[in-house]
Amino acid sequence: MTDMTTLQARTGTSSSSTDFSSSVMTIEIGPAHPAMHGIVRFTTKLDGELIVEMEPEIGYLHRGFEKESENSKWIQVIPYTDRLNYVSPLLCNIGYSMAVEKLYGIQAPRRAEFTRVIMGEISRITDHLTCVGAAAMEIGAFTFFLWFIKAREYLWELVEEMTGARLTTNWTRFGGNSMDLPDGFLSDLEDRLSKLESIMEECDKLLTRNKIFIDRVKDVGAISKEDALSYGFSGPMLRACGIPYDVRRADPYSVYDELDFEIPVGSTGDCFDRFLVRMEEIRQSTSIIKQAADKMPAGPFMTDERMLHYPDKKDVYGNIEGLIDHFKMVMEGHHPPEGEIYMPTEGGNGEIGFYLVSDGSGDPVRVRLRPPCFNFVQAMPLMTIGHYVADIVPIFGSINMIGGELDR
Amino acid sequence: MDFLLEIIMTPAILACLKIAVIILLFAMPLGTLLTLMERKWSAMIQDRVGPNRANIGKFTGNGLLHIAADGLKSIFKEDTIPKGANGFLYLIAPFFGLIAAVAIFAIIPIAGPIGNFTFQVTDVNPGLLFIFAITSLNVYGAVLAGTSSNSKFALLGGTRASAQMISYEVFMGLALMGIFMVYGTTRVSGIVNGQNEYWFGNLVPMWGIFTQPLGFILFFTALVAETKRAPFDAPEGESEIVAGYFLEYSGMRWSAFMLAEYVSLVGVAALMTTLFFGGYHVPWLHLWENAPQWIVTILQILKFTFFTVVFCWFQIQLRWTVPKFRFDQTMGLGWKKLLPLSLVNIIVTALVILTLA
């Protein structure tokens with residue numbers, strides 16, 4: 001086979017005809033390929049159309065987030081976290097800020113926490129909308145995808161209203177948020193959620209019981225509970241296997257223990273279960289947002305502890321403590337106490353965990369991110385081998401690989 | 001003047017003229033218009049605007065200029081040949097599909113005959129068997145393109161295309177058996193005229209859709225699969241094998257594939273109209289006695305065009321509504337569902353004809 005190929009390369013004849021008659025054909029899927037959401041490469045060996053071997057290669061989007069964070073001040077890491085998961089940037093903002101707050105041993109005011117819950121769940125919905133929509137688009141349901149993008153657009157307008165940006169949100173701070181709820185936000189929220197619900201209903205009718213769709217995703221890419229656990233799955237991928245693990249319930253943070261929601265679980269862990277779990281989570285998130293909006297307390301949106309935020313301008317110009325605080329905040333930044341912590345939060349894809357080490361000097365010693373889809377991509381061979389090459393599309397779509405958080 | 005008319009009326013020249021009129025004035029323009037219609041219609045389905053930017057000064061024609069812009073772009077684009085490709089086969093492959101798509105129109109009548117003059121290029125004796133012969137040529141385009149481009153994705157697409165098209169030819173033929181039995185001929189003119197009869201006095205025309213409802217569904221499915229349109233576009237497989245057999249093509253050769261797809265979309269629609277919706281016959285028109293011939297002909301052309309456009313629309317709607325089949329599911333649907341169903345259809349049709357006779 002190798003001899004044939006080299007011979008043909010020398011004589012300039014086509015090698016494709018011999019590849020066809022040979023038993024196994026190597027085919028490179030990616031790094032630039034329509035089914036690859038980010039940039040990732042799968043070196044796949046095919047027997048006809050069946051996948052016999054697959055090797056994922058990641059790292060094409062490595063930007064050195066963790067190393068870059070070590071050379072920044074604590075607060076300067078927040079904008080980097082926007083770029084981790086570019087379909088739900090706020091969840092990474094929140095995850096990082098809560099990790100630093102845990103290092104400080106403080107908690108944001110209740111109003112800030114409720115706002116974070118609302119914005120976080122909005123981001124979870126945008127994440128799921130993108131994932132489900134893109135996966136459906138790749139198996140041909142293009143209309144479904146664009147309707148979901150329309151719904152996502154409504155929510156991103158809310159994000160823009162709150163943070164001033166759609167993607168580069170840079171919204172949370174240590175001990176609160178950079179901004180309070182804008183005027184009329186809650187009524188806008190209600191309006192957008194009802195639009196989302198009507199789109200969800202229509203799309204549900206269009207796709208969920210469609211025979212072709214079910215044929216494409218049912219029993220495709222199934223993974224057992226044991227395998228999922230041993231690969232370190234989390235989030236919707238794990239819940240689709242039937243394990244009701246959700247950080248919001250298993251290790252409650254923020255004000256999630258005051259809110260009422262269910263954790264949808266699947267049974268077989270195939271692509272269809274993942275689809276259903278994500279669809280149900282969108283509905284659950286909608287209900288969480290409504291509850292949080294109802295319970296929204298009055299009060300400050302930022303902690304009033306010293307050295308966590310810039311002092312008010314009247315203090316800076318009015319008294320010496322304010323002036324010194326301001327000077328030290330500008331020159332030195334935050335000084336979390338010495339220590340190391342791991343703070344898991346539930347991201348769109350699964351458990352987003354920040355492991356932070358501080359030596360009290362004002363610069364992060366280590367910022368380590370546990371990205372959920374890292375584990376999923378490792379399990380790609382397990383999920384795809386034995387399936388057809390066309391099944392890579394729904395399987396990879398259901399993973400919702402985000403290059404930003406995978407390669408960091 | 002008489003001399004000129006005599007030359008024009010020789011059968012060969014007349015056939016050429018008909019080819020020019022039917023193909024250049026009906027099939028091709030409708031095919032090209034459909035590229036825009038598909039984009040606009042899908043935009044409406046998906047709640048977006050669709051193409052509207054191409055312009056000459058202030059004139060955009062609501063996207064109409066995109067057709068010209070696309071054509072110009074394809075013509076001026078470099079016609080690349082990938083390294084290691086089989087040059088000759090690679091260069092001729094795109095035109096198999098286009099020729100096959102266009103040739104379908106040779107036997108489709110778009111209006112009734114006036115005296116000796118027929119609005120049909122030729123009414124060949126084998127009739128629809130000609131269609132089967134021509135569509136099987138279509139396979140060569142995909143297979144040659146797939147194997148000659150020296151690309152593994154194209155190869156996968158080519159093999160998928162050949163398997164799918166050869167299989168669906170079988171069901172296409174079997175699905176039409178019922179029509180042949182009901183109207184007692186394979187000639188297109190015979191089938192079309194057979195559909196001009198009526199049941200229950202003048203109540204229901206004997207259209208193919210009423211005499212062969214199952215055959216209609218089977219034949220339509222087979223035709224859509226044969227033209228590799230969604231939901232049967234696994235050979236193209238844009239999400240897993242990128243663009244399938246025409247992955248490596250660019251410029252006008254790529255456009256030839258696209259044009260072939262849209263012309264065969266019109267061809268499918270015209271065939272469905274001819275075989276299942278009375279062809280050019282306007283229903284109940286015979287009740288209007290002494291209708292002037294020219295009005296009848298115009299009405300017939302309008303009716304034919306209307307149904308053709310409706311079927312084009314239906315195929316577009318289908319594409320943007322349902323997801324795609326996986327390749328093995330396409331084959332499974334064909335061999336496990338369509339084949340038994342078309343056999344059942346033949347037997348039932350035969351029994352009904354026997355009992356009625």
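**Figure 1. Close-up of B:Lys228, a buried residue of the predicted model.** Within 10 Å of B:Lys228 there are 26 other C-beta atoms, and the residue is therefore classed as buried, the threshold being 20 or more. B:Lys228 belongs to the loop that runs between α9 (213–226) and α10 (251–276) of chain B. The backbone of B:Lys228 adopts a positive phi, near 60°, although the residue is not a glycine.

**Figure 2. Close-up of A:Asn170, a partly exposed loop residue.** The loop in question connects α7 (142–163) with β4 (172–173) in chain A. A:Asn170 has 18 C-beta neighbours inside 10 Å; because this count falls between the limits of 12 or fewer for exposed and 20 or more for buried residues, A:Asn170 is partly exposed. Phi of A:Asn170 is positive, at about 50°, in a residue that is not a glycine.

**Figure 3. Close-up of the contact between chain B and chain A.** Chain B contributes 31 residues, which are in contact with 33 residues of chain A. On the side of chain B that touches chain A, four helices each supply at least two residues: α5 (128–148), α6 (152–183), α11 (293–321) and α12 (327–356). Of these, α12(B) gives the most, with 3 residues.

**Figure 4. Residue classes on the side of chain B that touches chain A.** This side of chain B comprises 12 nonpolar residues, 11 polar residues and 8 charged residues.

Note on methods. Residues numbered from 1 in each chain as written. Chains lettered and ligands numbered in written order. Predicted model: local features only at pLDDT ≥ 70, side-chain atom pairs only at ≥ 80, totals over all residues. Contact = placed C-beta atoms within 7 Å. Nonpolar A, V, L, I, M, F, W, Y, C, P; charged D, E, K, R; others polar.
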